Amino acid sequence: MTSNEAELHQLEEAWADALADWAVPERYLAQVSTSPFELSPSSFRPDTARLRTPTLSWLAEELARLPEGERTLLDVGSGAGGTSLMLWPTAELITAVDQSEQMLAAVRDNAAELGIPLAALKTVNSRWPSPDLQSASVVVCANVLYNVPAPVAFLRALIDSASHAVVVEVTERHPHFGVNPLWLRFHGYRRPTQPSAEAVGAMLRLLGYEPQVARWERRAADPDDPEEVGRLARRACIPEERWEEVGAYLRAEPLQPTGVMAFRVQLS
Ligand SMILES: C[S@@+](CC[C@H](N)C(=O)[O-])C[C@H]1O[C@@H](n2cnc3c(N)ncnc32)[C@H](O)[C@@H]1O
């Protein structure tokens, strides 16, 4: 094993161990009827605000650099298409891969709403990396890596599937990190803080790439919006009868904005 491989292996083990710590103890799960990790397609809808993020600017830039006929985009862990659909028609063909058929159905509905023709969209129900890897000129993977306990093979497959560029977006900390104060206040339970997006940058460098890095923030939830309060409360296993109390707490102690990082790897 080379020293890079040994370091990658160590980073990956630390990543997997840290992710395992985010499991929620049964005593809290028993207090609520929905899983705190449930993902709703409506949270990942295409949204014009995303067009202003470095991820979408980079993707648009990379696609525009390619000759017509080669502007293909692969979106791995597409959710409801929030990252890729807004890039049509710059992206002439979008391939959305997701392990959830419910998310892919939402991709097709959202694409129809945006007027994207059937010929410009392919949806593939598969767990990444799968033996039948899809490929494209540009590959994006946004907000997926904290679901992935073996990120090295996952990242390698993203890079192997792109001919031109790869963009990976992740929150600086685990997507549930932001509600740690709710866990402490409502359950007296201290949640983990690791892993962090810095490890993703380190893995890409150990794989032999020097990614361009961008950082920005997503605004914190609005304590006066019951839907947003409910989403946070669900993540912290707080039963519905206490959601008003959650809103009051958040008005008094606003949560921090979420730090986000993106990494761009240029291949050609
Ligand atoms: C948090 S959502 C992000 C969706 C979208 N990329 C976005 O940023 O709006 C994560 C998505 O990744 C999918 N996912 C997680 N692990 C996956 C894997 N190994 N292979 C394929 N899809 C995966 C989930 O089903 C979910 O739709």
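Modeller: A polar contact is a pair of N or O atoms within 3.5 Å. Keep that in mind for this predicted model.

Biologist: What makes the pair formed by Gly77 and the ligand a polar contact?

Modeller: A nitrogen atom of the ligand is 2.7 Å from a polar backbone atom of Gly77. The cut-off is 3.5 Å, so the pair counts.

Biologist: Which side chains have a polar atom paired with an oxygen atom of the ligand?

Modeller: Asp98 places a side-chain N or O atom 2.6 Å from a ligand oxygen. For Asn143, a polar side-chain atom lies 2.8 Å from an oxygen of the ligand. The protein buries 96% of the 600 Å² that the ligand exposes when taken alone.

Biologist: How many residues surround the ligand, and which are the closest?

Modeller: The shell has 19 residues. The closest are Arg50, Gly77, Asp98, Trp128 and Ala142.

Biologist: How does that shell divide by residue type?

Modeller: It holds 9 polar, 7 nonpolar and 3 charged residues. Gly counts as polar here, so Gly77 belongs with the polar ones.

Biologist: Now the helices. Why is α8 called roughly perpendicular to α9?

Modeller: The axes of α8 (residues 226-235) and α9 (residues 243-252) cross at roughly 105 degrees. Angles of 65 to 115 degrees count as roughly perpendicular. Therefore α8 is roughly perpendicular to α9. Their axes come within 10 Å.

Biologist: Which residues meet there?

Modeller: From α8 come Val229, Gly230, Leu232, Ala233 and Arg234. They meet Trp243, Val246, Gly247 and Leu250 of α9. This contact has 6 nonpolar, 2 polar and 1 charged residues. Arg counts as charged, so Arg234 is the charged one.

Conventions: Residues numbered from 1 in each chain as written. Predicted model: local features only at pLDDT ≥ 70, side-chain atom pairs only at ≥ 80, totals over all residues. Heavy atoms only, no water. Axes fitted to C-alpha atoms, helices over the stretch in contact; angles between N-to-C directions. Helix = DSSP H or I, 4+ residues; strand = E, 2+ residues; numbered from the N terminus. Parallel < 35°, antiparallel > 145°, perpendicular 65-115°, else oblique. Contact = heavy atoms within 4.5 Å. Near = heavy atom within 4 Å. Polar contact = N/O pair within 3.5 Å; in protein donor to acceptor, adjacent residues only side chain to side chain. Areas by Shrake-Rupley, 256 points an atom, 1.4 Å probe, with all protein chains shown as cover.
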